[in-house]
Amino acid sequence: MSLVHRDGGGALHIEDVALDAVARQFGTPCYVYSRAALTAAYDGYRQALAGRDALVCYAVKANSNLGILDVFARLGAGFDIVSGGELARVLAAGGDPARVVFSGVGKSRAEMRAALAAGILCFNVESAAELETLDDVAGSLGKRAPISLRVNPNVDPKTHPYISTGLKSAKFGIPFEEALPLYRRARDLPHLEIRGIDCHIGSQLLDPAPAAEAAAKILGLVDALAGEGIALSHIDVGGGMGIRYRDEAAPTASEYLAPLLAVLAGRKEKLLFEPGRSLVGNAGLLLTRVEVIKHGAEKNFAVVDAAMNDLARPALYEAWHDIVPVKKVGAGDTAAETRRYEIVGPICESGDFLGHGRELALASGDLLAILSAGAYGMAMSSNYNTRPRAAEVLVDGATTHLVRRREEVAQLFALESVLPRP
Ligand code: LLP
């Protein structure tokens, strides 16, 4: 299902809402999400997991807007969080703490206390030191902390090095060989309760084979643990399913999960998943307006009002996002001719680009939609160059909900002060 479609007049829509109307009402740059697309992505997992005892824990880091969390909470999702801030968001959006897993290599004591107070499902523990600290924190609260060990299966996910996490060289997880002794240690610590096992090998995986291989390695550990009387109630295989940005042959949830489920067939443990990108990535776009057109001897530039602070992925990973005009192609008042454009933002860095070499007919004032921007878009945005962050709008049928107001400049330095005056 494509997120956008054109009406009879060629104008780009998301569900029943015209994007030029969104721009007029809420301004640009503006992230626009589709509730139907979010729901369809979640349903993909639900259908693939039908008949299995499974919980889909949406990885909040991909897009932590309360409106998005609300949609998933209403669908019955759990959440994978990596900070106390994300826990607060989940609770504010009405998420069920009993369905929350807490990942991350550097949880603070304060974050551990908050999660214990909320009553989360499980801490995914990533080091021996964290295990000891968590036992101590739980003891000081008179509680037992539910835990999984995040095991690093040393499997190559064959994805971008910045988003691959399951290799031995990564900072993530507990080395495979150290997992068994550490489970024994966890069993002996008085304020811990062993719940499960966890792994996550990377992101934007187009081939499910490495994930299935990791699951198989993890199962070996589960059985070894059972042999020692340590019974687990769940197996968490992380997130990572890739999506289509350009022309990738991205798997459906059923296709991606099939080899994993085959490996996990007949297991009595509950299965947990932590998808982020595949639930939100293709459910959102970034709407931006062309400010300035510059035709040069070597390159043509379209300077738009969105920038690397709004969508960092192109600058950070050289990631590709399709960029399409909002009005009908060729319907410009200026009848601009098609040229190859560098689509860039107004930030003072050459790395500030959103797309290279795009064939478009553009004039100043035109609206563009930067697609597949629902994941790691707004969530990774910043205020670089004192740029207020974009508004966020959630479309539901013919209705638009403003789920985040555009920031105002005064808010950006409200926490700062000048030095005292004599
Ligand atoms: N679980 C853990 C422990 C993770 O570290 C991640 C993502 C996920 C789940 C969700 O993975 P997903 O289903 O979204 O692939 N900023 C990068 C992606 C970073 C992913 C970090 N970890 C990007 O824009 O491509």
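These are my notebook entries on a few places I looked up in this structure, which is a predicted model.

**Entry 1: the N-terminal sheet**

I began with the first strands. Three of them make an open sheet, ordered β1-β2-β3, with antiparallel pairing. I then asked which strands stand at the edges. They are β1 (4-6) and β3 (17-18); each has a single partner strand, so one side of each is left without a neighbour in the sheet. Between β1 and β2 (residues 12-14) I found 3 bridges, and these two strands run antiparallel. For a handy landmark, I noted that His5 has His13 in β2 as its bridge partner.

**Entry 2: a cis peptide bond**

Next I followed the chain to the loop between α1 (19-26) and β4, where Pro29 sits. The peptide bond that joins Thr28 and Pro29 is cis, with omega at about -5°.

**Entry 3: helix α2**

I moved on to α2, residues 35-48, and checked its length. At 1.5 Å a residue, its 14 residues should span 20 Å, and the end C-alpha atoms are indeed 20 Å apart, so the two values agree. At the start of the helix, a side-chain oxygen of Ser34 comes to within 3.3 Å of the backbone nitrogen of Ala36.

Which residues of α2 are buried? My list reads Ala37, Leu38, Ala41, Tyr42, Gly44, Tyr45 and Ala48. They cover an arc of only 140° around the axis, which means that they lie on the same side of α2. I also looked up what this buried set packs against. The strands are β4 (30-34), β5 (54-59) and β20 (391-396). The helices are α3 (66-74), α9 (253-263) and α10 (277-280).

**Entry 4: β5 and β6**

Since β5 had turned up as a packing partner of α2, I looked at its pairing too. β5 and β6 pair in the parallel sense, over 3 bridges. Tyr58 stands opposite Phe79 in β6. Phe79 and Ile81 point one way from β6 (residues 78-81), while Gly78 and Asp80 point the other way. I wondered whether these four residues are buried or exposed. All of them are buried, on both sides of the strand.

**Entry 5: around the ligand**

Then I turned to the ligand, which has 18 residues around it. Those that come nearest are Ser203, Glu274, Arg277, Arg313 and Tyr376. I wrote down the polar distances for three of these:

- For Arg277, a polar backbone atom is 2.8 Å from an oxygen atom of the ligand.
- For Arg313, an N or O atom in the side chain is 2.6 Å from an oxygen atom of the ligand.
- For Tyr376, the side chain has an N or O atom 2.6 Å from an oxygen atom of the ligand.

Arg277 also falls within the range of α10 (277-280), one of the elements that the buried residues of α2 pack against.

**Entry 6: positive phi before β20**

My last stop was the loop between β19 (367-370) and β20, where I find Asn385. Asn385 is not a glycine, yet its phi is positive, at about 65°. Thr386 has its place in the loop between β19 and β20 as well. Its phi is near 50°, again a positive value in a residue other than glycine.

How accessible are they? Asn385 has 34% relative accessibility, so it counts as partly exposed. Thr386 is at 48% relative accessibility and therefore counts as partly exposed too. For that class the upper limit is 50%.

Technical notes:
Residues are numbered from 1 along each chain as its sequence is written. This is a predicted model: local features need pLDDT of at least 70, side-chain atom pairs count only at pLDDT 80 or more; totals for chains, interfaces and linings use all residues. Side-chain values use heavy atoms; hydrogens and water are left out. Two strands pair if DSSP finds at least two bridges between them. The expected span of a helix is 1.5 Å times one less than its number of residues. Buried means under 20% relative accessible area, exposed over 50%, partly exposed in between (1.4 Å probe, protein chains only). The arc is that of the directions from the helix axis to the C-beta atoms. Contact means heavy atoms within 4.5 Å. A polar contact is a pair of N or O atoms within 3.5 Å; within protein, one must be able to donate a hydrogen and the other to accept it, and residues adjacent in sequence count only if both atoms are side-chain atoms. A residue is near a molecule or strand if one of its heavy atoms lies within 4 Å of it.
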